[in-house]
Amino acid sequence: MQTENFISLTDVSRVTGIQYWRIIYAHKKGAIPRPARVVNTWAYGPEDVEKITRYFAAKDRDKIA
């Protein structure tokens, strides 16, 4: 597994603008799958970031409507 295209939870939070604790909670609820672990850290790939973004975008739309 190459790690060049993977980022940490903190970086995902920074890139998406979603607080890291909200992402962790979504993982614990089973709403979004947990990513692979690399050296005791979650390694998020582009697909994982896209899933997180879609999940929270859909959830936020429900709050507005």
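What joins the side chains of His27 and Tyr44? In this predicted model, the link is a polar contact of 2.8 Å. The surroundings of that contact are described below, after the overall layout of the chain.

The chain has three helices and two strands. Read from the N terminus, these elements follow the order α-α-β-β-α. Of the 65 residues in the chain, 28% are buried. The accessible surface comes to about 4,700 Å². Carbon and sulfur atoms account for 53% of that surface. Among contacts with a separation of 6 or more, 54% link residues 24 or more positions apart.

The largest nonpolar core holds 12 residues. Its members are Leu9, Val12, Ile18, Ile23, Ala26, Ile32, Trp42, Tyr44, Val49, Ile52, Tyr55 and Phe56. Two or more residues each come from helix H1 (9-16), helix H2 (20-29) and helix H3 (46-64). H3 gives the largest share, with four residues. Leu9 shows how the core is connected beyond its sequence neighbourhood. With residues up to four places away set aside, Leu9 touches Tyr20, Ile23, Ile24, Trp42 and Tyr44.

Another core member, Ile18, is found in the loop between H1 and H2. Its relative accessibility is 9%, so Ile18 counts as buried. Outside its neighbours within four places in sequence, Ile18 is in contact with Ser13, Ile23, Ile52 and Phe56. Ile18 and Ile52 are 34 residues apart in sequence. Their C-alpha atoms lie 9.0 Å apart in space. Phe56, also in contact with Ile18, is buried because its relative accessible area is 3%, below the 20% cut-off.

Helix H2 has a buried side and an exposed side. Ile23, Ala26 and His27 are buried in H2. These three residues cover an arc of only 100° around the axis, and therefore sit on the same side of the helix. Trp21, Tyr25 and Lys28 are exposed on the other side of H2. Gly30 follows the helix and has a positive phi, near 85°.

His27 lies in H2 and is a polar residue with several partners. With a relative accessibility of 4%, His27 counts as buried. In addition to the contact with Tyr44, the side chain of His27 reaches the backbone oxygen of Ile32 at 3.3 Å. Which residues is His27 in contact with, leaving aside its neighbours within four places in sequence? They are Ile32, Pro33, Arg34, Pro35, Trp42 and Tyr44. Ile32, Trp42 and Tyr44 also belong to the largest nonpolar core.

Aromatic residues form two pairs in the chain. In one of them, the ring centres of Trp42 and Tyr44 are 6.4 Å apart. Their planes meet at 85°, so this pair is edge-to-face. Trp42 is buried, with a relative accessible area of 15%. Tyr44 is buried as well, at 0% relative accessibility. The rings of Tyr55 and Phe56 make up a further pair, with centres 4.9 Å apart. Here the planes stand at 80°, so the pair is again edge-to-face. The four residues Trp42, Tyr44, Tyr55 and Phe56 are members of the largest nonpolar core.

Tyr44 thus links several of these features. Tyr44 belongs to the core, is touched by Leu9, pairs with the ring of Trp42 and shares a polar contact with His27.

Notes: Residues are numbered from 1 along each chain as its sequence is written. This is a predicted model: local features need pLDDT of at least 70, side-chain atom pairs count only at pLDDT 80 or more; totals for chains, interfaces and linings use all residues. Side-chain values use heavy atoms; hydrogens and water are left out. A nonpolar core is a set of buried Ala, Val, Leu, Ile, Met, Phe, Trp, Tyr and Cys residues joined through side-chain atoms within 4.5 Å. Buried means under 20% relative accessible area, exposed over 50%, partly exposed in between (1.4 Å probe, protein chains only). Contact means heavy atoms within 4.5 Å. The arc is that of the directions from the helix axis to the C-beta atoms. A polar contact is a pair of N or O atoms within 3.5 Å; within protein, one must be able to donate a hydrogen and the other to accept it, and residues adjacent in sequence count only if both atoms are side-chain atoms. Rings of Phe, Tyr and Trp (its six-membered ring) pair if their centres lie within 6.5 Å; planes under 30 degrees apart count as stacked, over 60 as edge-to-face and the rest as tilted. Accessible areas come from the Shrake-Rupley method with a 1.4 Å probe; for residues, only the protein chains shown count as cover.
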